[in-house]
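Me: I have a model open on my screen and would like to understand the terms used for it. Could you walk me through the reasoning?

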Amino acid sequence: MKFITVKNYEELSRKAANIIAAQVISKPNCVLGLATGSSPLGTYAALAKYCDDGDVDFSGVTSVNLDEYVGLDGTNDQSYRYFMDTNLFSKINIDKNKTHVPNGCAADLKAEGIAYDKFIKELGGIDLQLLGIGLDGHIGFNEPDKFFTAETHEVKLDPSTIKANARFFESEADVPTKAITMGMLSIMQAKKVLLIANGEAKKEIIEKAFYGPITPEVPASILQLHPDLTVIYSEN
Ligand code: F6R
């Protein structure tokens, strides 16, 4: 594991964007695993600038996102599809048809999960997976549990996650209680994993996840077993 401590969010975003840009430059038809949330916003803004400046060409890239709320479709401004379209895809020259987010409105979420994993496998897996981390240690929406789940699956969101994500909604009651998330297998099979986290509030979970025991009670701790993991953390 490479653990990089930086001085602020701006530096974190720049470093993360540089790692992603290097991936796209060295393999223009790569598969990027992407995350939503507040952590990657600065990274996505930096990537948009690199694209604008003509330094990075995303036209050959395929993306697969980690997760989506159950019941929200892409036109809903709280959906993760909408987030990705707004904060990244509309700002870079990626082919929109090559961007993928699990369908939270699928009639059969189990079948959607199986199809999503099959699709990732057919792509040849993920070259670089970007992750944030929840205050309870979740990655994607793999919440603390008694076991790790390998496949893309439906999850009931932890009350602490609902509380944390309420900041994006009008009220806590509006936060969906379920999501569909990539499981640990596709994440762990990614050739490279890059996890970014910032803020004093994340310090404790970062220590637990990367310097504590590997346990499904702290889902991100499984990443300690990944052969090519980079963590970038900024306390500010
Ligand atoms: C989002 C995702 C989540 C977030 C995590 C941290 O696609 O998979 O695991 O990365 O909840 O969210 P922020 O960055 O908002 O603190």
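Reply: Happy to; we can take the ligand and then a salt bridge, keeping in mind that this is a predicted model.

Me: Thanks! What makes the pair of threonine 36 and the ligand a polar contact?

Reply: A polar contact needs N or O atoms within 3.5 Å. An N or O atom in the side chain of threonine 36 is 2.8 Å from an oxygen atom of the ligand, so the pair meets the cut-off of 3.5 Å.

Me: Which atoms of serine 38 and arginine 167 come into play?

Reply: For serine 38 it is a polar backbone atom, 2.8 Å from an oxygen of the ligand. For arginine 167 it is a polar side-chain atom, at 2.9 Å from a ligand oxygen. As for cover, the protein buries 94% of the 410 Å² that the ligand exposes when taken alone.

Me: How is the shell around the ligand made up by class?

Reply: There are 14 residues around the ligand, and Ser39, Asp67, His138, Gly140 and Lys202 are the closest. The shell has 8 polar, 3 charged and 3 nonpolar residues. The ligand takes up the space of the largest pocket.

Me: Why is the pair of aspartate 127 and lysine 27 called a salt bridge?

Reply: The rule asks for a side-chain nitrogen of Lys within 4 Å of a carboxyl oxygen of Asp. Here the N to O distance is 2.9 Å, so the pair qualifies under the 4 Å limit. Aspartate 127 sits in the loop between helix H4 and strand E6, and lysine 27 in the loop between helix H1 and strand E2, so the bridge ties together parts 100 residues apart in sequence.

Terms used:
Residues are numbered from 1 along each chain as its sequence is written. This is a predicted model: local features need pLDDT of at least 70, side-chain atom pairs count only at pLDDT 80 or more; totals for chains, interfaces and linings use all residues. Side-chain values use heavy atoms; hydrogens and water are left out. A residue is near a molecule or strand if one of its heavy atoms lies within 4 Å of it. A polar contact is a pair of N or O atoms within 3.5 Å; within protein, one must be able to donate a hydrogen and the other to accept it, and residues adjacent in sequence count only if both atoms are side-chain atoms. Accessible areas come from the Shrake-Rupley method with a 1.4 Å probe; for residues, only the protein chains shown count as cover. On a 1 Å grid over the protein atoms alone, a cavity is a set of points where a 1.4 Å probe fits but cannot get out, and a pocket is an open set with protein on both sides within 12 Å along at least five of seven lines; lining residues have an atom within 4 Å of a point. A molecule sits in a cavity or pocket if more than half of its atoms lie within 2 Å of its grid points. Ala, Val, Leu, Ile, Met, Phe, Trp, Tyr, Cys and Pro count as nonpolar, Asp, Glu, Lys and Arg as charged, and the others, Gly among them, as polar. Helices (H or I, at least four residues) and strands (E, at least two) are DSSP runs, numbered from the N terminus.
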